[in-house]
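Below is a colleague's note in numbered points, meant to be read alongside the sequence and the model.

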Amino acid sequence: LPTASGLAEMGAHWIHGPSPGNPVFRLATSYGLLGPEAAREENQQAEVGGHPLLPSVTYGSSGKALSPTAVSKARHLFDTLLESARAFWGTKELPAPSVGQYLRGEIARRVPALGEGREDARRLQLAVLAACLKLECCISGTHSMDLVALEPFGEYVSLPGLDCTFPGGYSSLPDCMLSALPEGTVLLNKAVRTIQWKGSFREEGDEARDFPVRVECEDGDAFLADHVIVTVPLGFLKERHQDFFQPPLPQRKVEAIRRLGFGTNNKIFLEFEKPFWDPQQQLLEVVWEDESPLEEPRTDLEANWFKKLIGFVVLQPPEQHGHVLCGFIAGKESEYMETLSDEEVLGTMTRLLRTLTGNPHLPTPRSVLRSRWHSAPYTRGSYSYVAVGSSGDDIDALAQPLPEDPEDPRPLQLLFAGEATHRTFYSTTHGALLSGWREAERLNQLFQAPSPA
């Protein structure tokens, strides 16, 4: 066996919807970065609606695997309700302001019919539905689906295709893209302190030409430019836009930054000496059997943070990765997890897995590794969602270049890209990529424009 490469994706994990409509998939294919499975026609045509279809086992908090039939019944109901939540896009009359409140209302209406009227079966169905909501929080990158606006929810577009990963890691894609650029084009570890725009800046000793934009770095270096494309995450903008831009951004853009949602979804990797799961299992899901979407969630983070974990994906193939589980956890609980030590996380995960499997002797994982996207000063979370009180118009407002006056003799000083500026693919890598191409094309058009006679 080749030794495990120990590849752990701290950020983007899958190509969501790997099919011809996805530019990340097209690029990855052209560079030959994907495995043979991803290229298969039927895989490209599968409609999964953003939910990975993996062979799974669902563990209950009572320490045993739950009945697959009971679990799939509840899941099917949830998927149906989630699909119906997408149908309110463009409607004026809304049953609820948020996706969470809408789903809970629909679940409450169906309670009498759940579990064919048997109390224990009904309780289990509600517990599975509560787990479904947590998964949805991870997908939307939010603390609660009560924060996600109902009306624009259906505007997000899921591409067809069975989600796939990069055998050589996601970074193999930007590495290939960078290799085409001249040496020294990209400067790394060059944190920016402020972007001054609407100015008139000159290089020392060059009186002939002045520039409207000056980018000042934390280390004191400065770069003058006609155009700057800003791709920092929305979480960073929320926290720093006031001092990051001089003069400050116009009010409309500030409002869009404030209104749009930006949350945290983190990963916890656990490496084992040998697997305790069956070889065909690729997803270990978690259901807390005493939970219900109709009851108030517990707020004591210290005691309950790990209950927000949706379960673990088994990294494939084990020949490459060793025996590694990747857990996903979103929201405030995820942010709390970032404040704990590796030892605390490892201890809690070990106790959790012993509880779920009903095996008090389950070996402790060899090592733990986790993302900390909320603590990262230049991201402050993972990705965006359309929050209650905001809409796709805010995404467009965020994407709008500055200065706003089209008659300005120095247009497009600040351009904005990144996943939070793509109206239908926000939260995805392909959305981020397309937004960058969009802004590059905007500059191409400017340079191709006939100069006024």
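1. Which side chain does E116 meet in a salt bridge, and how far apart are the N and O atoms? The partner is K73, with a distance of 3.6 Å from N to O. E116 sits in the loop between α5 (99–110) and α6 (119–140), while K73 belongs to helix α4 (residues 68–85), so this pair ties together parts that are 43 residues apart in sequence. With a relative accessibility of 58%, E116 counts as exposed, whereas K73, at 43%, counts as partly exposed. Please keep in mind throughout that this is a predicted model.

2. The E116 and K73 pair should be read against the total for the structure, which holds 38 salt bridges. Another of these joins E42 to R40, whose closest N and O atoms are 2.8 Å apart. Both partners are partly exposed: E42 has a relative accessible area of 46%, and R40 has a relative accessibility of 33%.

3. A pair placed within one helix is R240 and D243, whose side chains meet in a salt bridge at 3.5 Å, N to O. Both residues lie in helix α8 (residues 234–244), where they are 3 residues apart, or about one turn of the helix. Is R240 buried or exposed? R240 counts as buried because its relative accessibility is 19%, and the cut-off for that class is under 20%; its partner D243, with a relative accessible area of 40%, is partly exposed. Elsewhere, K134, D290, E291 and R298 are joined into one network by salt bridges that share partners.

4. The domain assignment divides the protein chain into domain 1 (46–161 + 264–375) and domain 2 (181–261 + 386–448), and each of the two is therefore written as a pair of segments under an assignment that is automatic or taken from a database. The centres of domain 1 and domain 2, taken over C-alpha atoms, are separated by 35 Å. In terms of contacts, 11 residues of domain 1 meet 13 residues of domain 2.

5. The size of an interface is often given as the accessible area lost when the parts come together. Between domain 1 and domain 2 this buried area is about 940 Å², with carbon and sulfur atoms giving 60% of it. On the domain 1 side, the residues that lose the most area to domain 2 are P152, E155 and Y156, which together account for 50% of what that side buries. Across this interface the rule finds 1 salt bridge. E155 also takes part in a salt bridge with R423, where the side chains meet at 2.6 Å, N to O.

6. Q282 lies in the loop between β10 (265–272) and β11 (283–287), and with a relative accessibility of 23% it counts as partly exposed. Leaving aside residues up to four places away in sequence, Q282 touches L54, P55, F312, V313, V314 and Q316. Q282 and S427 are 145 residues apart in sequence, and their C-alpha atoms are 24 Å apart in space.

7. One surface feature remains to be noted, namely a nonpolar patch of about 370 Å² made by L178, L181, V186 and L188. Within this group, L181 is found in the loop between α7 (172–179) and β2 (192–196), and L181 is partly exposed, with a relative accessible area of 41%.

Technical notes
Residues numbered from 1 in each chain as written. Predicted model: local features only at pLDDT ≥ 70, side-chain atom pairs only at ≥ 80, totals over all residues. Heavy atoms only, no water. Patch = residues over 30% accessible without salt bridge, like charges linked within 9 Å, V, L, I, M, F, W, Y side chains within 5 Å. Areas by Shrake-Rupley, 256 points an atom, 1.4 Å probe, with all protein chains shown as cover. Salt bridge = Lys/Arg side-chain N within 4 Å of Asp/Glu carboxyl O. Helix = DSSP H or I, 4+ residues; strand = E, 2+ residues; numbered from the N terminus. Buried < 20%, exposed > 50% of the residue type's maximum accessible area, 1.4 Å probe, protein only. Contact = heavy atoms within 4.5 Å. Buried area = accessible area lost by both parts, 1.4 Å probe.
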